[in-house]
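This briefing covers two topics, backbone angles in loops and the lining of a pocket. Please keep the sequence and the model in view while reading.

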Amino acid sequence: MTALVWCPFPDHATACQVTDTLLQERLIACANLLDAVHSRFIWNGECGQADECAALFKTDASLLDTAVRRIAQLHPYETPAVMGWRCDAAAPDTRQWIETATRPVGA
């Protein structure tokens, strides 16, 4: 089964750094970086806004909790918004690619 993780970052460079670490650690198979995400939010009781770079990470469902924890650990925000969910459906070839890409080297 596959899973997705959504997370905004302060900028493209930070999103790339986190993505590269997750790829090297084989916690994800891919990340789609979406620049020019404008976020509006409530933080510490006040309305705020920021231009961010969002990432949609693709992973195996067995790695979802670990990937979410690792993203939160690597993220520069005090309280990053990291949310993941298991996918009910994925194309068989997509599922196989994600399983293969997240398999430990030599396994």
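Arg-26 is found in the loop between α1 (12-24) and β2, where helices (H or I, at least four residues) and strands (E, at least two) are DSSP runs numbered from the N terminus. This is a predicted model, in which local features need pLDDT of at least 70, side-chain atom pairs count only at pLDDT 80 or more, and totals for chains, interfaces and linings use all residues. Residues are numbered from 1 along each chain as its sequence is written, and side-chain values use heavy atoms, with hydrogens and water left out.

**Positive phi in loops**

- Most residues other than glycine have a negative phi.
- Arg-26, which is not a glycine, has a positive phi near 60 degrees, and Arg-26 is partly exposed at a relative accessible area of 26% (buried means under 20%, exposed over 50%, partly exposed in between, with a 1.4 Å probe and protein chains only).
- Asn-44 lies in the loop between β2 and β3; Asn-44 likewise is not a glycine and has a positive phi of about 55 degrees, and Asn-44 is exposed, with a relative accessible area of 64%.

**The largest pocket**

- The largest pocket (an open set of points on a 1 Å grid over the protein atoms alone, where a 1.4 Å probe fits, with protein on both sides within 12 Å along at least five of seven lines) has a volume of about 290 Å³, a volume being the space filled by probe spheres set on the points, which are joined across faces, edges and corners.
- Its lining (residues with an atom within 4 Å of a point) includes Pro-8, Trp-43, Glu-52 and Tyr-77.
- The elements that give two or more residues to this lining are β2 (30-43) and β3 (46-60), and β2 contributes the largest share, four residues.
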